[in-house]
Amino acid sequence: TWDGTGYGDDGTIWGGEFLRVQDGGYVRVAHLRSFSLPGGEAAVKEPRRSAAAVLHALSDAGDGATAAWPDTLSGAFNMEERRVLEHMLERGINTAATTSAGRLFDAVSALLGIQQRSQFEGQAAMMLEWAAGRVGDGPALPMPLRWDKKCWVVDWAPAIVGVLQALDDGAPVEAVAAAFHRACAQAIVDVAGAVGDQNVVLSGGCFQNKLLLESAIERLQASGHTVYWPSAVPPNDGGIALGQLAAARWRLTRTEVI
């Protein structure tokens, strides 16, 4: 389930989850690596904030990124805005931990200089998809799995480092955007293989992204998985109410009436 922002059962903001549905509910078997979201809801409207956040997460963890921002991002802030944002991230002021796939797509869009501010929900990711769709097949950026105590974590750090390196090398923005999409699709396959599930359901607002959806389906099927995805019901917020009703009905039919 990949979407923008949703309240997780651990008190953080979810949005890049892998949930195994089973009797009595679900188990979170994997998720995207978390990062801080500065300004909360403001980050939804300003992808540049998500870009700054992932760079801060990399530098803070020593994952190979430097404190220097790429020109594509530096030009999106004035000096005062950048100072305030970096202070927020360093001190954890008005920030929330998130695993959101939607915000990660926003971050890459901003890093590539595609969309720094959004006029509507999902615009940055849509523009990133459009750029990626202009090139053919090619390699994927690295996005490995690592085990963290009780579940798998999809580590986007090497992919972001790859984006920064590609920018330094002068690679076409469209090619980098496409490589990021491939990385996300392959990560889904890797998690499905790691947890050993045959059936995979793709849902959440991020799967309105045709390129991501089709790439994930193709790779999953090639790996022997049975794949399901929304058709009659929207994958995003439009399907949530129906899903809640289905879950409630499922629970009621299994609850003994006294």
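Before I show you anything, one definition: a residue is called buried here when its relative accessible area is under 20%. Keep that in mind for Phenylalanine 35 and tryptophan 156, because both of them are buried by that cut-off. And please remember that we are looking at a predicted model.

Let's start with the aromatic rings. How many aromatic pairs does a search of the whole structure find? The count is six. In one of them, tryptophan 2 and phenylalanine 207 have ring centres 6.0 Å apart and planes at 25 degrees, so that pair is stacked. Tryptophan 2 sits in strand β1, residues 2–7, while phenylalanine 207 is in the loop between β8 and α9, so the pair ties together parts that are 205 residues apart in sequence. Tryptophan 2 and phenylalanine 207 are both buried. Phenylalanine 35 and tryptophan 156, the two I opened with, make an edge-to-face pair, with 5.7 Å from centre to centre and 90 degrees between the planes. This pair also links distant parts of the chain: phenylalanine 35 is in strand β4, tryptophan 156 is in the loop between β7 and α7, and 121 residues separate them. Back to tryptophan 2 for a moment: ring pairs join Trp2, Phe18 and Phe207 into a cluster.

Now, follow the chain back from that loop into β7, residues 151–154. Which strands pair with β7? Strand β3 does so in the parallel sense, over three bridges, and strand β6 in the antiparallel sense, over four. Valine 154 is a nice residue to click on: leucine 32 stands opposite it, and leucine 145 is its bridge partner too. β6 and β7 form a hairpin with two residues between them, and lysine 149 in that turn has a positive phi of about 70 degrees.

These strands bring us to the second largest pocket, with a volume of about 350 Å³. β3, β5, β6 and β7 each supply at least two residues of its lining. There are 17 lining residues, and those nearest the pocket centre are Asp10, Arg28, His31, Lys150 and Cys151. By class, the lining has eight charged, five polar and four nonpolar residues.

One last stop, for anyone who likes arginines. Is arginine 49, in helix α2, buried or exposed? Arginine 49 is buried, because its relative accessible area is 18% and the cut-off is under 20%. Leaving out residues up to four places away in sequence, arginine 49 touches Pro38, Gly39, Ala42, Ala43, Phe77, Leu85 and Met88.

That's my tour, thanks for listening!

Definitions and conventions. Residues numbered from 1 in each chain as written. Predicted model: local features only at pLDDT ≥ 70, side-chain atom pairs only at ≥ 80, totals over all residues. Heavy atoms only, no water. Buried < 20%, exposed > 50% of the residue type's maximum accessible area, 1.4 Å probe, protein only. Contact = heavy atoms within 4.5 Å. Pairing = 2+ DSSP bridges. 1 Å grid on protein atoms, 1.4 Å probe; cavity = no way out; pocket = protein on both sides within 12 Å on 5 of 7 lines; lining within 4 Å. Points joined across faces, edges and corners; volume = space filled by probe spheres on them. Nonpolar A, V, L, I, M, F, W, Y, C, P; charged D, E, K, R; others polar. Phe/Tyr/Trp six-rings, centres within 6.5 Å; stacked < 30°, edge-to-face > 60°.
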